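Colleague: I've got a predicted model open here. Mind walking me through a few spots in it?

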Amino acid sequence: MRIRLKWVSLLLTGLLLLTACSSGGESGTSQNTSEGEAGAATDDGGIKPTTFSFYGNYDWLTTASWGENEATRWIQENRKVTVEPVQSGGAAAEKLNTMIVSGALPDVIFTDRGATVERLVQAGRLVALDEYYEKYPNFKKYVKESTLNLLRSEDGKIYQIPNWYTSGQFGNGGYMVNKDIYNALGRPKLETFEDLYQYLLLVRDKYPDVVPLEVGEKGGGLDIMYGGFKENATSKFISLMGYPEGDRLIPIYDDPAFEDMMLYINKLFRERLITQDALQQVQDAVKEKVNTGRVAVMVESNITTYGAEGHRALTAGNPDSGYEIIWPVHKAGIDKNKVFVSGFETLGWNVNVITTSAKNPEAIFAYYDWITGPEGQKVLFFGPKGLYWDEEDADGAPVPNEKYKTTPANERTETMRKFEDFNWAGNTTLIDTAKMSLEASLAANQKSWETVAQSTVTWKLLWILRNS
């Protein structure tokens, strides 16, 4: 669920289009309740029994029913928290507008940072969380003060709860190849953009029903290619609309590397080597292609999630199939060790906001604070104690039990993915450190695809920490 903003489509629309021419539940009223006084801390760091409504403000997001998997069932039974999903029905913006106009907002909205949040702040529809951040232990411990300050609105208050924030060097972007196609075509060298171009031509000619280069939802993977055209560069320069030169920020349109990237993408599009509906396609369409093997190469900022799911789908029928992560492609003459996929953002992905419809906002915040702490993260990533782990190591990471080791990796990963869908206050550093510690004890065939991809490639491709 770690998906980035799709600003790149705006950047590319003009050029690509010129080339091309030559449910859900209702929000209702808040049912947020508490069986204890708001300030009464418990042995669980302050978590209190509560029920609240939750709206995921994304067209693609359907929140599963609460209590239907081992993790949320455990939370409901042991922490007395129940969440009532409100679905977007594939029309998130329209749904949210309707709820705002009607005054029937859900208790929690899960959304991107930026315009939507500030609109609700200006309308006086969000609860300021500053006093809760001071009162509860986990966000205070794991989120840097500088990171929290980035969440402040113009009035100086914090209304947002971050998701998948980090204080470490972690990332999920890059390239992967379809193993069946790559092996069948002789595993040619895929190091430079010319290598990639020649390989995509082979795919187009020999596999007419396959997308040679998939670039993700609404072309979101296109910006990842930028880092391959210039040493010590990152796609974050594109989001800044400029690149650093000394102590100056130069417009991105003046960067020869950006021009090279645009011309290369344009060439691929003209020759039908790239997703032809790149700027319109939705996430479900991308997943369907990846999961059925109709993608030869993919570049994406969240390649590990697409790859892990696609790998599970393909290897279910043939254990030798699936996807393989590769080092990012780059321009000839560039040092591959100075090619970076993306920058380093402590804020992570998106945010949660608590609306003024919530009758007990502190109880909701207390639950989120529990989520982002050690117990919450273990339950919502690995599952509750007794499922895949029974003990912890000296650092608090789960120790895999026999069921973890004997359950087929695809089955286990799919089960755990359902837990992660409810991890709305993801603590990247805590989870990724624990995940690596847990999987270090496993044989190669027991490790998850995502973990291998991260440890061998994607975590080595972040720009800021390696150049700070």
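**A leucine and two helices**

Modeller: Sure, let's start with L148, which has a relative accessible area of 12%.

Colleague: Is L148 buried or exposed at that value?

Modeller: The cut-off for burial is under 20% relative accessible area. L148 comes out at 12%, so L148 is buried.

Colleague: And which residues does L148 touch, leaving out those up to four places away in sequence?

Modeller: L148 sits in helix α7, residues 145-149. With residues up to four places away set aside, the ones L148 touches are Y133, V143 and I158.

Colleague: How far apart in space are L148 and L347?

Modeller: In sequence they are 199 residues apart. C-alpha to C-alpha, though, L148 and L347 are separated by 8.2 Å.

Colleague: On to α17: what span should its twelve residues have?

Modeller: Helix α17 covers residues 409-420, and each residue counts for 1.5 Å. The end C-alpha atoms lie 16 Å apart, which agrees with the expected span of 16 Å.

Colleague: Where around the axis do the buried residues of α17 lie?

Modeller: The buried ones are R412, T413, T415, M416, F419 and E420. Their arc around the axis is only 160 degrees, so they sit on the same side of α17.

Colleague: How is α15 oriented relative to α17?

Modeller: The axes of α15 (residues 374-381) and α17 come within 7 Å and cross at roughly 130 degrees. That crossing makes α15 oblique to α17.

Colleague: Which residues of α15 and α17 make the contact?

Modeller: By class, the contact has five nonpolar, no polar and one charged residues. On α15 they are V379, L380 and F381, and on α17 they are M416, F419 and E420.

Note on methods:
Residues are numbered from 1 along each chain as its sequence is written. This is a predicted model: local features need pLDDT of at least 70, side-chain atom pairs count only at pLDDT 80 or more; totals for chains, interfaces and linings use all residues. Side-chain values use heavy atoms; hydrogens and water are left out. Helices (H or I, at least four residues) and strands (E, at least two) are DSSP runs, numbered from the N terminus. The expected span of a helix is 1.5 Å times one less than its number of residues. Buried means under 20% relative accessible area, exposed over 50%, partly exposed in between (1.4 Å probe, protein chains only). The arc is that of the directions from the helix axis to the C-beta atoms. Axes are lines fitted to C-alpha atoms, for helices over the stretch in contact, and angles run from 0 to 180 degrees between N-to-C directions. Angles under 35 degrees count as roughly parallel, over 145 as roughly antiparallel, 65 to 115 as roughly perpendicular and the rest as oblique. Contact means heavy atoms within 4.5 Å. Ala, Val, Leu, Ile, Met, Phe, Trp, Tyr, Cys and Pro count as nonpolar, Asp, Glu, Lys and Arg as charged, and the others, Gly among them, as polar.
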